[in-house]
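Please open the structure in your viewer and keep the selection tool at hand. The tour below moves from one selection to the next and says what is to be found at each stop.

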Amino acid sequence: MTKSKDIGFIGLGNMGYWMATNLAEKVPVNSKIHVFDIIPALVDDICGKYPDRVMGCSSPKDVADKSDTILTMLPEGKHVKAVYMGPGGICSSDVGQKLLVDCSTIDIATFLEIKDHITENFPCASFYDAPVSGGVIGAERGTIAFFLGCAEDNTKDIQELRQLFNLMGNKLIPCGGPSLGIAAKLSNNYLSGIIAIACSEAMDMGMKAGLDPRVLAQVYAAGNAQNTICDTFNPVPGVDPDAPSSNGYQKGFKVQLMKKDIALALDMACRVGSTNVLGRVGLQTYKEASEDERCKDLDSRIVFRYLGGNENWNAEQKNEN
């Protein structure tokens, strides 16, 4: 990425805000970041923190007009389609030879529809899917991974993308052709979501049998049940002080988004002919948890609460002692 290139960033949600913040901290001194979100307060906030680096814009088209590279980070396919193809969208601008990257987790059909539209109308522009993994904590720390929908040796943009992603994360995995980054992310989130349910159930049964959850976490880490959810995003409050569960299940991956991603993964599985024994039960669990007032809008590991896990174990232990 050359020093003269300006970056556009659209979508300042839980993940996008921190991705844009890392860009503001790390882009070359002569670069500007042009941002847009439908919530003006989010734009005002990041512009206020970096007044000489981050500039607010009035629309996705305004972002595209002023930027050489444009990143989007949005909740669902309908939002991505509107931002690219809707009135006042990115494609209302002349994106010419610009580099466009969607980091959202959406359905493959919508991504390909947008890609076809860009290819037809702006044949010299480049458009990639590059969904991310690592959660809000990873986005804030700059440790997220990007799953890029292209082959490592098959694009003129790979080095520029690598430099760009290094400003926000610590890993880039080229996954093959267009939409395969999305396919990788859906597969990843399916596995992550199912593991979170299994981890919640396993922790709950062990705790009810009399085990300290911190001991259980050590057992899993030492054995073949070891997994990142238990290690870094443990669903039991107080096991990992940095996990969303230990902070009111805040600053995580919302349970509604996990429901959405598992539904998208199951749709993909059906399309490609994959059998998923656990998927339907997992989807139903997240659907019900996302509609439960005790769980809605909280980190997806809130399934521990939904399943009846004891969140007050630490206080109870202290009272017993």
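A search of the whole structure finds 15 salt bridges, a salt bridge being a side-chain nitrogen of Lys or Arg within 4 Å of a carboxyl oxygen of Asp or Glu. The model is a predicted one, in which local features need pLDDT of at least 70 and side-chain atom pairs count only at pLDDT 80 or more, while totals for chains, interfaces and linings use all residues. Residues are numbered from 1 along each chain as its sequence is written, and side-chain values use heavy atoms, with hydrogens and water left out.

Begin with helix H3, residues 60-66; helices (H or I, at least four residues) and strands (E, at least two) are DSSP runs, numbered from the N terminus. Show the side chains of Lys 61 and Asp 65, which meet in a salt bridge at 2.9 Å, N to O; these two residues of H3 are four residues apart, about one turn of the helix.

Next, select strands E7, E8 and E9, which form an open sheet in that order with mixed pairing; two strands pair if DSSP finds at least two bridges between them. Because E7 (132-133) and E9 (169-174) stand at the edges with a single partner strand each, one side of each is left without a neighbour in the sheet. Strand E8, residues 144-148, runs parallel to E9 and is joined to it by five bridges, and Leu 148 can be found opposite Pro 174 in E9. Add helix H8, residues 180-208, which lies across E7 and E8 and runs at about 130° to E8 (axes are lines fitted to C-alpha atoms, for helices over the stretch in contact, and angles run from 0 to 180 degrees between N-to-C directions).

Now colour domain 1 (7-177) and domain 2 (183-318) separately; these bounds come from an automatic or database domain assignment. Here 17 residues of domain 1 are in contact with 16 residues of domain 2, contact meaning heavy atoms within 4.5 Å. The area buried between the domains is about 1,300 Å², with 63% given by carbon and sulfur atoms; buried area is the accessible area (1.4 Å probe) that two parts lose on being put together, summed over both. In domain 1, select Thr 105, Ile 108 and Ile 137, which lose the most area to domain 2, together 36% of what that side buries.

Across this interface there are two salt bridges. Finish at Glu 140 and Lys 251, whose side chains meet in a salt bridge at 2.7 Å, N to O.
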